[in-house]
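Work through the exercises below with the sequence and the 3D view open. Try each task before reading its solution.

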Amino acid sequence: MAANIQQWFPHTTAPFIANAPMFGFTDASLATAVAKAGGFGFIGGGFDFRSESTQLLGLDTQLANARSILGLTDGQPLPLGVGFITFQPDGLVENAIPILQKHRVAAVWLSFPRADADHLPMIQAIRKAQESSDWDIKIFVQIGTIKAAEEALQQGVDVLVVQGTDAGGHQWAQGASLISLLPEVRDLLSKAQNTSTAILAAGGIVDGRGCVAALGLGADGIVMGTRFVATSECPAPSAIKQTIVSRGDGGVSTIKTILHDVFQSTDVFPRQYDGRAIIGVSYEDSQKGVSNEEIIRRYNEAKEAGEHHRRTVWAGASIGSINAVVSVEHVVQSTQQEVKVVLERLKAGL
């Protein structure tokens with residue numbers, strides 16, 4: 001019997017749906033809307049953990065806002081999670097964990113370490129803080145390879161977030177789609193007779209059909225990223241949302257490359273990672289032979305003018321099935337409803 005993620009987070013409804021903690025796009029408004037709809041909400045906490053970090057200051061504010069939106073008093077557990085990007089871990093233990101502990105968040109999601117082993121001291125520090133106070137927190141680690149999954153299991157994580165290469169945004173440069181990666185991760189747990197670690201599937205899931213497929217491949221629940229960007233509660237500019245809903249044929253209209261980061265001067269991720277985004281003006285310029293330096297200049301010029309047409313639009317390969325900007329509640333509940341319809345159809349066919 002697999003771990004029951006629903007028992008850990010009793011405010012959620014089945015099947016388990018979480019939003020990806022996309023930094024800058026998942027704030028208190030979005031995360032609490034996911035929670036209210038029966039899903040599990042994550043706030044993106046960023047990657048700068050220095051004591052003077054404006055990202056941590058912003059996170060503290062967002063968590064206080066979330067507490068207010070949900071009508072919780074200080075000291076009550078906050079049924080949300082926080083996601084951190086961990087390739088620059090200095091200060092995470094000293095400066096970020098106390099914020100999680102102060103707000104008694106229900107989960108932390110770690111992703112993109114420089115080396116898989118780097119997560120161990122963070123996990124140990126979270127466990128230590130948990131033991132020293134009345135604080136129940138589950139640790140999620142995002143993985144995109146079997147080696148990363150093995151490392152995370154040795155570190156004693158609660159949830160493996162298995163990310164396939166159809167995902168939007170940052171991911172492993174060399175990896176596989178969920179259809180081949182997920183069963184291999186599930187087999188890894190089965191061989192180890194591990195019934196305490198849960199598996200979430202991420203990467204290319206935008207509706208109930210993808211959810212049923214993920215559950216069939218061995219997941220205990222799903223994560224959606226791109227689908228939640230195209231919601232009314234997401235703080236992304238409307239131009240980005242419209243770009244997502246207007247594109248189809250994601251295998252052709254999106255591409256995995258580090259250039260998306262290079263063009264907007266955010267190329268700070270270790271080289272084992274790249275990112276999937278919609279092919280835009282900057283990438284098209286590059287294909288025509290325009291130099292990176294010139295593209296960066298054009299990007300900065302557009303940004304200063306307040307224009308979004310050169311901004312990287314991170315999006316997964318399933319954008320063709322996202323046709324409208326809708327509410328978070330609609331996304332969660334229609335996905336869960338569609339799961340039931342698909343399962344009934346499959347049952348009838350068998």
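**Exercise 1: a charge and a ring**

Task: Find where Lys138 lies relative to the ring of Trp8.

Solution: Lys138 lies over the face of Trp8, at 4.7 Å from the ring centre. Keep in mind that this is a predicted model.

**Exercise 2: the faces of a strand**

Task: Decide whether the residues on the two faces of strand S1 (residues 16–19) are buried or exposed.

Solution: Start with the general pattern. In a regular strand, side chains alternate between the two faces of the sheet. Next, sort the residues of S1: Phe16 and Ala18 are on one side, Ile17 and Asn19 on the other. Buried means under 20% relative accessible area. All four of these residues are buried, so both faces of S1 are covered.

Now look at the pairing. S1 runs parallel to strand S9 (residues 221–224), and four bridges join them. Within S9, Met224 is the residue opposite Asn19.

**Exercise 3: an open sheet**

Task: Work out the order of the strands in the open sheet of three strands, and which strands are at its edges.

Solution: The order is S7-S11-S10, with antiparallel pairing. The edge strands, S7 (169–172) and S10 (254–256), each pair on one side only. On average, neighbouring strands of this sheet are turned by 25° against each other, direction ignored.

Then take one pairing in detail. Four bridges connect S7 with strand S11 (residues 273–278) in the antiparallel sense. Gln171 has Asp274 of S11 opposite.

**Exercise 4: aromatic pairs**

Task: Classify the ring pairs Phe9–Phe40 and Trp172–Tyr273, and state which parts of the chain each pair links.

Solution: The structure holds 17 aromatic pairs. For Phe9 and Phe40, the centres are 4.5 Å apart and the planes make an angle of 50°, and the pair is tilted. Phe9 is in the loop between helix H1 (5–8) and S1, while Phe40 is in the loop between helix H2 (28–36) and strand S2 (42–46), so the pair ties together parts 31 residues apart in sequence. Phe9 has a relative accessible area of 3% and is buried; Phe40, at 0%, is buried as well.

For Trp172 and Tyr273, the centres are 5.2 Å apart and the planes are at 80°, so this pair is edge-to-face. Trp172 is in strand S7 and Tyr273 in strand S11, 101 residues apart. Both residues are buried.

Finally, place the second pair in its surroundings. Ring pairs link Trp172 and Tyr273 into a cluster with Phe23, Phe47, Phe87, Phe112 and Phe269.

Conventions: Residues are numbered from 1 along each chain as its sequence is written. This is a predicted model: local features need pLDDT of at least 70, side-chain atom pairs count only at pLDDT 80 or more; totals for chains, interfaces and linings use all residues. Side-chain values use heavy atoms; hydrogens and water are left out. Buried means under 20% relative accessible area, exposed over 50%, partly exposed in between (1.4 Å probe, protein chains only). Two strands pair if DSSP finds at least two bridges between them. Axes are lines fitted to C-alpha atoms, for helices over the stretch in contact, and angles run from 0 to 180 degrees between N-to-C directions. Rings of Phe, Tyr and Trp (its six-membered ring) pair if their centres lie within 6.5 Å; planes under 30 degrees apart count as stacked, over 60 as edge-to-face and the rest as tilted. A charge sits over a ring if NZ of Lys or CZ of Arg is within 6 Å of the ring centre and within 35 degrees of the ring normal.
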